[in-house]
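User: Hi! I'm new to this one, could you walk me through it? Let's put it on screen first.

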Amino acid sequence: MRIAPQVKAAAACLCLGLIFSIGSVEAQENAQLNIPPSLIECYNTSYFMNRDNRLPANMDTLISLVEKVELSYAATGYQMDIRQISVALLHRFRQDGIRRAAGVTPIDGVIPFSPTGFQFPKLRILLSRLLPGNANNFPNSSLTSTERCSLHFMMSSTFDTRLRGDENTVCGQLSQYRAQRLPRSPKKDSSNFLGDAEWVDERSTKRQRSGSNYVLGELDYDNDWGYAVPEGNSQCPVEDGVVRTPWGTVSAGALIAGVATGLQQQTVSLNTLLSLATQRRGRTQSQTIGSSVDNRWAATLGGDLAEVTLVQVPVTPNNVASVGATGGWNDTVLPHWYFLSQRNNLEATDAEIRGGLDGLIIAKNVAQWKTQASGMKLSQLLRMYYSTTGVLGTGIQACSRQQLFPVVAPTQEMQSQVSAFAQVLDREMQLRVTLNPQTIANFANTATLSLVTYVPQSLNDVSCSASTNQDLTDIITPMTNLYIFLDTSWQYSSIVDYVAYILQQLNIHPYASSVTMLSAFDGSVIVNTTNYVTDVYQQWNVTTQAQYNQGFNLPTVLRTIQNLTQTLLNGEQTNSSVGGRSLVALILPNQATVNDGDSNYATTELQYIYEQIPDLRFVYYGGGNIQRFSNFVRDSTRDLFSLTPGNTVATSAGPVAKRIIKIPRRIINPRCGSAWYTNSWGTDQMYQYVRPGTVNFYRMASNYFFGAGTNRVVTIQSQNGGSFTVCSSRTNEWPQQNSTTSSQTGTGTATDSNCVQISGNSYSYDLSSACNGYYTITQCPPLYLSVQPGAINTTSCTQDACQTPDQWRYIVSSSNMGCYSGVSGLAASLLTILLALLLQQSVQ
């Protein structure tokens, strides 16, 4: 066959261009044979070698860090889309196969770590030839060193196979739970997990401590990264580069690589890639006609199976392939250590299979999703995929990975891609054996068939089937301003999991919930107000907690929360904010009691607070007899929770989180401020967002519509032609239409609700005479509202406040509301407060 000169010239130009582009990209430091300067900070100190000093390796942490990067890019003026950010993250933070050099003593200028593991050649090919890019403009200052290094370790695959000295305990537990691999529900995280063999290690404690460079010492997880035991292989090594999710542990690097390659997809001729490899290794090239490498496969499942093909199969008896390796976390709430149940055949662990499969599913769909939502962010995609609702109404989500496996990974296509990439990888790896192309192809088929069997039979993951008795909190997107008052006499290691679990349920993210942590003794700030749960992990630890006076002082707590919420109200007045978040004080006393003087003061002060800050809800979660605080909450049957360290975290902290989630968002008259006075009238509004399958609940206190007034209305206005169901009630806190969820205890019934549908128009509730017949503000019931979206949304949510692009936007407005706090009628109470304060001081 004769090839036209024009075709030859085009092919030559293409090949030459590819070679030149590869030459420039290989300057990318993470593809080099040493640890790059940008990652040295993670290895030149023993601090980050202690995994407990890193951020928890879970999906919520990963999403929070990605959000910080996204917002930082936007703030600096760089227009970075999901593809560019995914590529930048990989080139900035991922370097697989970093291993510690055995027997090397660290000295100045010598760091005993290098990318010598078998995972590195695959990454090198990916970064240098199949996913070109760089991180030259990466906003490093947007992340702290702890965040940067945590992100690096979450994204970079490797194993620590050294003996630790804890194998008798850890490995035994893994064996025990490996035998109990049962189907899981995404809502059953509470137990000691069980398909990933996750458990709460009784030795696990939470620490944050600094360390000098490379301190070697006896084994404890405080100091240990040096492993002061004889060299050898652990029976249950540690896997890095993995992230815990409710749907199983995944390899984060492969996941994000799937996003990047799906949006920067390219198929490169196998001969071209072999030619480049030949130039580097000096091997003789063998021509392979018609084969090509799809970077989506190489970055995900195909890359891992190519490692099985080359590293494992040639040296196993009868050349069989073994894929999959289960593992378990030291802690299900704050995971830091992921132990594997075996020490051999680690080329494709369960976490890598899940991450690779998730990455491939996303890679084959993300381009289409981006046409539906052109402004979709990486954080939004991860939030949708790892949820119970899925991506953009497609039903594609983490829990469906096993069902989607044969769809996105047909056996023949997988065999072809694994074989092709394995031949490229063979040119870059120093193997124990020498293989010819046909043998590589045969071994690739063996590895592929092993995975085809393993995924449906042994990858025991959460199914998508939902509980028939869905809890109300499952359909609420939390939006709260949370103030935590911590009695620091609690031992940090005893309390941290319970607090962290609550925070992880409350949607602590930008444009969503915020949290502030303060001392319950003197009101000192432990954690500044933040929308990032990662800030809590960094600012609150065993060292910082020790800096605060221990104890519990209820009068101080009440004065502090009053000052904080008054500042919040004044800020909302300045910004004309109509609220949109609930207001909660979560108080965590230990064993302290409240003396008579403090009790009298608190009782009177609470009367003042209830009048002045009608939306503030107090929730106590404490030790001892929790009923001792029954006089200091609005509803002692719903707002008091016992905390007994040692109890299962989700069983203990779960009800607290659910209670906070169910507190409705506020609708206020921002003109009142903390002084509860206004001489202006008009309309104030806020934008709100709701995702399909969820409901937003609101409460407007009667303080805003008590007394005479006209044209006092609350309005829900649809946007972009969206359809909504709006329900209202004066007695039911959670009015819904056709509710199938369990609201448990609460006020009102479904029959007290009135629901209407709006589409492109608005719904208004007239409150002009809503308190007629009531003599006091407290007698007049509040207004409860709910907003639920329709079934289909054809408009992508593009505002910064959109947590997902499939959210629907609407407007909540309040018009001509009043300001009635009842504070003016509490002059006598103010005098009583002063007298109580004097009594309190005399008692003390």
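User: What share of the 844 residues counts as buried?
Analyst: Of the 844 residues in the chain, 61% count as buried. Buried means under 20% relative accessible area, exposed means over 50%, and partly exposed is in between, using a 1.4 Å probe and protein chains only. This is a predicted model, where local features need pLDDT of at least 70 and side-chain atom pairs count only at pLDDT 80 or more, while totals for chains, interfaces and linings use all residues. Residues are numbered from 1 along each chain as its sequence is written, and side-chain values use heavy atoms, with hydrogens and water left out.

User: Thanks! How many helices and strands are there?
Analyst: The chain has 23 helices and 25 strands. Both are DSSP runs numbered from the N terminus: helices are H or I with at least four residues, and strands are E with at least two.

User: And what part of the contacts comes from residues 24 or more positions apart?
Analyst: Such residues account for 80% of the contacts in the chain with a separation of 6 or more. Contact here means heavy atoms within 4.5 Å.

User: Let's look at a sheet. What is the order of the strands in the open one?
Analyst: The order is 18-25-20-23, four strands with antiparallel pairing. Two strands pair if DSSP finds at least two bridges between them. Strand 18 and strand 23 (762-766) are at the edges with a single partner strand each, so one side of each has no neighbour in the sheet. From one strand to the next, the twist averages 20°.

User: How many bridges join strand 25 to strand 18, and how many to strand 20?
Analyst: Strand 18 (residues 683-690) is joined to strand 25 by eight bridges, and strand 20 (residues 713-718) pairs with strand 25 over six. On the strand 18 side, Val690 stands opposite Trp808. On the strand 20 side, Val713 has Ser815 as its bridge partner, and Val714 is opposite Ser814.

User: Is strand 25 enclosed or open to the outside?
Analyst: Eight of the eight residues of strand 25 (residues 808-815) are buried, so the strand is largely enclosed by the rest of the structure. Trp808, Tyr810, Val812 and Ser814 point one way, while Arg809, Ile811, Ser813 and Ser815 point the other way.

User: Switching to helices: what about helix 10?
Analyst: Helix 10 is mostly covered, with 11 of its 12 residues buried. Those buried residues include Leu301, Asp304, Glu307 and Gln312. They pack against several helices, among them helix 4 (120-130), helix 11 (350-363) and helix 16 (437-458).

User: How far apart are its end C-alpha atoms?
Analyst: In helix 10 (residues 301-312), the end C-alpha atoms are 16 Å apart, which agrees with the 16 Å expected at 1.5 Å a residue. The expected span is 1.5 Å times one less than the number of residues.

User: And how many residues of helix 22 are buried?
Analyst: 11 of its 14 residues are buried, so helix 22 is largely enclosed by the rest of the structure. The buried residues of helix 22 pack against strand 11 (480-486), helix 17, strand 14 (582-588), strand 15 (616-622) and strand 16 (640-642). One of those buried residues is Lys662.

User: Which ring does the charged end of Lys662 sit over?
Analyst: The ring of Trp734, with the charged end of Lys662 4.8 Å from the ring centre. The rule asks for NZ of Lys or CZ of Arg within 6 Å of the ring centre and within 35 degrees of the ring normal. Arg54 also has its charged end over a ring, that of Phe153, 3.5 Å from its centre.

User: Nice. How many aromatic pairs are there?
Analyst: The count is 17. Rings of Phe, Tyr and Trp (its six-membered ring) pair if their centres lie within 6.5 Å; planes under 30 degrees apart are stacked, over 60 edge-to-face and the rest tilted. Tyr492 and Trp540 have ring centres 5.1 Å apart and planes at 80°, so that pair is edge-to-face. The two residues are 48 residues apart, with Tyr492 in helix 17 (residues 492-504) and Trp540 in the loop between helix 18 (533-539) and helix 19 (542-545). Both Tyr492 and Trp540 are buried.

User: Which residues do ring pairs link into a cluster?
Analyst: Tyr73, Tyr78, Phe93 and Phe138.

Definitions and conventions
Axes are lines fitted to C-alpha atoms, for helices over the stretch in contact, and angles run from 0 to 180 degrees between N-to-C directions.
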